[in-house]
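Q: Could you take me on a close look at one part of this structure, the open sheet and what lies around it? I'd enjoy a connected walk through it.

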Amino acid sequence: MRIFTKLFCVAAICLLGISSASAKTEQVHATFENPTNTNTTWNASTKTFTWSTTYYNQLRNIGLPSGDISKYKKLVVDCHFVTGNRIRILFYKGGSNLTLFAEEGVNEFIIKDELEAQAPDDFNEYILQCDEICLSGDNAIAPGEVVINDVYLETYNDEGEKVYATFENPTNTNTTWNASTNTFTWSTTYYNQLRNIGLPSGDISKYKKLVVDCHFVTGNRIRILFYKGGSNLTLYAQEGVNEFIIKDELEAQAPDDYNEYILQCDEICLSGDNAIAPGEVVVNSVYLETYPENESVEIPDIVNEEQPDKPEGYIDLTEAFPSLNPRLGVKLGNGEVVLGQRSKDVIADLSPYSELTIVATPGLKLVLYMNHEVDAQQNAGDYAEADAGKYLFLDVQTDENGMYTLDLTQMDKADLNCICLPWDNSNKGTVWYLLLKDVATGIQQIANVAADNVIYDLQGRQVANPQGGLYILNGKKVVLRR
């Protein structure tokens with residue numbers, strides 16, 4: 001087991017966490033520049049701010065940071081009024097601003113709460129793209145005079161760092177992303193993903209939370225997909241602020257292999273509801289948050305299986321039919337493994353063989369398709385009754401040695417164009433080999449049969465036009481080749 005102890009610099013906006021007596025807060029204090037206009041003054045020695053008009057009366061700071069202020073929880077303004085009874089505090093983003101009011105004494109503002117109350121749909125932009133925080137005279141009363149004892153920003157003391165997602169424009173026409181309005185739309189229930197380019201991929205074990213803040217215009221939920229290779233685990237975000245403890249959520253879905261999704265996460269992306277389309281949602285923010293200083297989490301190592309030796313007496317399917325190009329030694333469980341080309345043009349005659357053996361993880365449950373005339377991409381459950389006999393659809397499970405053997409002599413179809421082992425969410429394991437064994441000694445192989453011979457199938461029925469496979473000829477089992 002590995003123990004990941006997470007360090008943090010400061011907390012960020014949008015979430016209140018568990019307080020810690022050992023956590024440290026930081027304060028950034030403002031300093032002020034001399035105003036350039038004549039109707040506003042700043043006396044640095046007495047800390048006195050005066051204004052004579054209700055416009056162009058700003059006292060700009062040069063001490064508070066601009067840009068991303070998400071790590072700051074609180075703004076504190078300590079002031080004493082000589083004349084007037086309040087001043088404005090302006091949070092700028094571009095040419096627009098959100099306004100707070102400071103009165104006599106110590107004023108404490110929880111930044112996220114105050115800005116969200118004013119701008120529920122886009123407060124996050126003011127937090128992430130804050131150009132400036134400045135003081136301003138009352139826009140209703142002038143002249144005015146106030147002593148500014150102190151102005152400072154204070155960091156969170158109980159959370160980790162946040163990493164915010166940004167999104168790229170989708171390449172398919174049924175999904176759109178409007179970056180100016182933060183609007184994600186989808187028109188179908190498939191291929192409707194909004195991929196992020198801001199969240200990290202790979203090892204995400206240092207992140208405790210994923211937070212998705214969204215508002216639905218149509219629909220009522222979106223999916224959040226944690227990818228590992230071609231497979232994913234899915235969470236659902238609904239209206240408002242959704243907070244997910246990553247380890248707990250993924251472990252609940254995949255108790256045996258959640259660690260693979262945490263340690264080998266290829267991507268985290270949003271996706272339209274796979275049950276309802278069209279849909280539209282405003283994505284206010286998406287971010288990952290690291291573990292606080294006083295917390296740790298245990299993530300087990302990924303244990304890879306050791307490839308077993310190939311049993312004696314078999315030949316590998318890859319050797320018998322190289323044109324099928326099967327891919328073996330691939331993990332199953334939350335991912336698809338296809339063995340063979342999905343094409344009707346590739347025919348592998350199994351008539352010389354009596355057994356097909358799968359060597360895999362002991363106890364692994366598999367679904368096996370062996371198709372000839374029906375496209376293997378279609379699910380067996382979708383086949384019409386008229387297709388019966390054109391495929392084999394078997395639920396199989398390997399034994400304690402990791403083996404499952406199929407008796408090919410009982411197959412109605414001796415021709416094979418594809419073997420598919422579709423994924424199963426409830427199982428996890430590896431398929432190492434597909435092996436073939438020759439027909440038992442004593443069975444004669446002949447290429448052609450004279451027209452005057454009587455041929456029977458294994459059920460004793462006379463066959464006028466035999467295809468390739470195992471038959472009875474003159475009282476003996478023979479294998480006919482096409």
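**A close look at the open sheet**

A: Happily! Let's begin with one residue pair: Tyr92 stands opposite Glu132 in β10. Please keep in mind that this is a predicted model. The strands around that pair are β7, covering residues 87-93, and β10, covering residues 132-136, and they are joined in the antiparallel sense over 5 bridges.

Stepping back, β7 and β10 belong to an open sheet of 4 strands, ordered β5-β10-β7-β8 with antiparallel pairing. At the edges stand β5 (58-60) and β8 (96-102); each has a single partner strand, so one side of each is left without a neighbour in the sheet. On average, neighbouring strands here are turned by 30° against each other, with direction ignored. As a general reminder, strands of a sheet pair through backbone hydrogen bonds, either parallel or antiparallel.

Next comes the helix that meets this sheet. Helix α1, made of residues 111-118, lies across β7 and β8, and α1 runs at about 120° to β8.

Let's finish with the cysteines. Searching the whole structure turns up 0 disulfides. Cys130 is in none, and its nearest cysteine sulfur, belonging to Cys134, is 9.4 Å away. A disulfide would need the two sulfur atoms within 2.5 Å, so at 9.4 Å from the closest cysteine sulfur, in Cys130, the sulfur of Cys134 is too far for a bond. As for their surroundings, Cys130 is buried, with a relative accessible area of 1%, and Cys134 also counts as buried, at 1% relative accessibility.

Key. Residues are numbered from 1 along each chain as its sequence is written. This is a predicted model: local features need pLDDT of at least 70, side-chain atom pairs count only at pLDDT 80 or more; totals for chains, interfaces and linings use all residues. Side-chain values use heavy atoms; hydrogens and water are left out. Two strands pair if DSSP finds at least two bridges between them. Helices (H or I, at least four residues) and strands (E, at least two) are DSSP runs, numbered from the N terminus. Axes are lines fitted to C-alpha atoms, for helices over the stretch in contact, and angles run from 0 to 180 degrees between N-to-C directions. Contact means heavy atoms within 4.5 Å. Buried means under 20% relative accessible area, exposed over 50%, partly exposed in between (1.4 Å probe, protein chains only).
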